[in-house]
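Here is a walk through a protein model, written for someone meeting it for the first time. Have a look at the structure below, then read on.

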Amino acid sequence: MFKFSTIALAGASALGVLLSAPAARAQTIVKADPVIKKMTEEVSAQELERLVRGLVSFETRHSLSTVKDKKKGIGAARNWAEAELQKAAATSGGRMTVTQDKYVVKADGRRVKEDTEFANVMATLKGTDPNDDRVFIVSGHIDSRNTDVMDVKGKAPGANDDGSGTSAVIELARVMAKQPFPATIIFVCVQGEEQGLIGARHLAERAKKENWNLVAMLNNDMIGNSFSDETGLKDNTRVRIFSEGVPAFETPEMTAMRKSTGGENDSRSRQLARYMKEMTNRYVPQLDVVLNYRTDRFLRGGDHTPFSQLGFTAIRVCEMNENYQYQHQNVRTENGIAYGDFPEHVDYEYMRKNTAMNLATLANLALAPYSPENVGVVTSNLTNKTELKWEAPAKGERPAGYYILMRETSSPMWEKKIYLDGGTTTTTLLPYSKDNYFFAVQAVDAEGHESLPVMPKPIR
């Protein structure tokens, strides 16, 4: 018989008791990787501030601004970001390459007034395992705007929107470039978010066309403000993660499955959001992830949206409280209030924690085994127990074991992890009813790096 033990996760209810069984072991299996911990501690608030101020120095980074001036406009900003990423690449032992993915956007009569060259600045940290084709993307948008989205000359400092996300991407590349990962991580400064998610759409379509095995996309857009202008609330201990429930690409077959199993809260993006919350609890002190069960803020969108629409797993990281005196505002002073998105308004310690959250998630995923395949819950007999079956990943290293995740149907987070010792075990019978709980399966290596969870489908 396989050996297993259970771990009650943070915030667990009555599920957080040890599962009684002859071979149960009451030891903690979840591990915090000291290498990942060290990397999160290398993320620097001072370096993030330097990067934000560097981006602001270009006065405007509007996507339609000049590409000829060496000190102003989007062209200069792109070149600066490329140079910063090249510094990171120099420490990677040749594993990181930096490019500007340039393409022409045709005039659309709305937010692109004439044919214009756009570019996503990309640093690709190639995985060390030639048989590992997994790709992970982390992004922030390099362009900025003020009140008039078509004003290409007015000052648009964009310190927080989205200098914070872009600086986080560059800082992540700096810290992670030195570390080998079996899977590939792409750090992207995306252009064109304010003009209609143009750069993100280009990248998502490229990933689809080139058949990337894109496992997860993390979009960071406004992660540095901790003060609300309307409520006076200052909060640098919470951050929001937005994730879709019903997939944008849902097929009729997926709809039928979701309705029959009650899976409206268990999309792959929801699993990624939960995963990020667990990694934050494990590696980033004084930061609490608030799971926001919307695709984005009310009636709004971001650079993760085109990825979701094409079937990829994607989420948005965003500060807890937005400040509308700074966001999309012309630089001015009015009635004693200073408007404009300046570096002085960014909380760099808060931004550091949010960046570290991204790092912990990316590192753990890129070091983890592939997810288990063909995960199923057996429905051939009516029973108050739950039988799960799955197959080991077809690629990558063989898992050291698996986690069975459990939660009550009303719970937003997984409440219990049951560890199955040994990567050859691909079935288990649990004394809990599938009527009353949701289940998922994760693969885990010997160092404790977990794959994304996979929800079971009914099988006979």
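## A covered strand and its neighbours

Let's start with strand β7, residues 238-242, which is mostly covered: 4 of its 5 residues are buried. Keep in mind as you go that this is a predicted model.

β7 has a partner on either side to look at. With strand β8 (residues 288-292), β7 pairs in the parallel sense over 5 bridges. With strand β9 (residues 314-319), β7 pairs in the antiparallel sense over 4 bridges. Ile241 is a handy residue to find here: its bridge partner in β8 is Leu291, and its bridge partner in β9 is Val317. Next along, Phe242 has Arg316 as its bridge partner in β9.

## The eight-stranded sheet

Now zoom out a little. β7, β8 and β9 belong to an open sheet of 8 strands, with the order β2-β3-β5-β4-β6-β9-β7-β8 and mixed pairing. In general, the strands of a sheet pair through backbone hydrogen bonds, and they can do so either parallel or antiparallel. Which strands sit at the edges of this sheet? They are β2 (96-105) and β8, and each of them pairs on one side only. On average, neighbouring strands of this sheet are turned by 25° against each other, direction ignored.

Two helices lie across parts of this sheet. Helix α3 lies across β2, β3 (116-125) and β5 (184-190), and runs at about 160° to β2. Helix α4 (residues 163-176) lies across β2, β3, β4 (134-141), β5 and β6 (213-220), and runs at about 150° to β5.

## Two helix pairs

Besides lying across the sheet, α3 (residues 73-89) packs against helix α2 (residues 45-56): the angle is about 155° and the axes are 11 Å apart. Because of that angle, α2 is roughly antiparallel to α3. From α2, the residues Arg50, Leu51, Gly54 and Leu55 meet Trp80, Glu84 and Lys87 of α3. Sorted by class, the residues in this contact of α2 with α3 are 3 nonpolar, 1 polar and 3 charged.

The other pair is helix α1 (residues 34-42) with helix α9 (residues 348-367), whose axes come within 9 Å and cross at roughly 150°. The crossing angle is why α1 counts as roughly antiparallel to α9. α1 passes α9 in a right-handed crossing. Here Ile36, Met39 and Thr40 of α1 meet Arg352, Ala356, Leu359, Ala360, Ala363, Asn364 and Leu367 of α9. This contact of α1 with α9 has 7 nonpolar, 2 polar and 1 charged residues.

## A four-stranded sheet

There is another open sheet to find, in which 4 strands follow the order β16-β13-β12-β18 with mixed pairing. At its edges stand β16 (427-430) and β18 (457-459); each has a single partner strand, so one side of each is left without a neighbour in the sheet. Neighbouring strands of this sheet are turned by 30° against each other on average, direction ignored.

Take a closer look at β16 and strand β13 (residues 386-391), which pair in the antiparallel sense over 4 bridges. Thr386 has Leu430 as its bridge partner in β16. Just before that strand, in the loop between β12 (373-378) and β13, you'll find Thr383. Is Thr383 buried, partly exposed or exposed? With a relative accessible area of 39%, Thr383 is partly exposed. Thr383 and Gly199 are 184 residues apart in sequence, and their C-alpha atoms are 51 Å apart in space.

## Backbone oddities in the loops

Most residues other than glycine have a negative phi, and most peptide bonds are trans. With that in mind, a few spots deserve a look. Asp161 and Asp162 are joined by a cis peptide bond, with omega about -5°. Asp162 lies in the loop between β4 and α4.

Glu59 has a positive phi, near 70°. Glu59 sits in the loop between α2 and α3, and its relative accessible area of 32% makes it partly exposed. His328 also has a positive phi, near 55°. You'll find His328 in the loop between β9 and β10 (332-334), where it is partly exposed, with a relative accessible area of 24%.

Note on methods: Residues numbered from 1 in each chain as written. Predicted model: local features only at pLDDT ≥ 70, side-chain atom pairs only at ≥ 80, totals over all residues. Heavy atoms only, no water. Buried < 20%, exposed > 50% of the residue type's maximum accessible area, 1.4 Å probe, protein only. Pairing = 2+ DSSP bridges. Axes fitted to C-alpha atoms, helices over the stretch in contact; angles between N-to-C directions. Parallel < 35°, antiparallel > 145°, perpendicular 65-115°, else oblique. Contact = heavy atoms within 4.5 Å. Nonpolar A, V, L, I, M, F, W, Y, C, P; charged D, E, K, R; others polar. Left-handed = near helix turned anticlockwise from the far one by under 90°.
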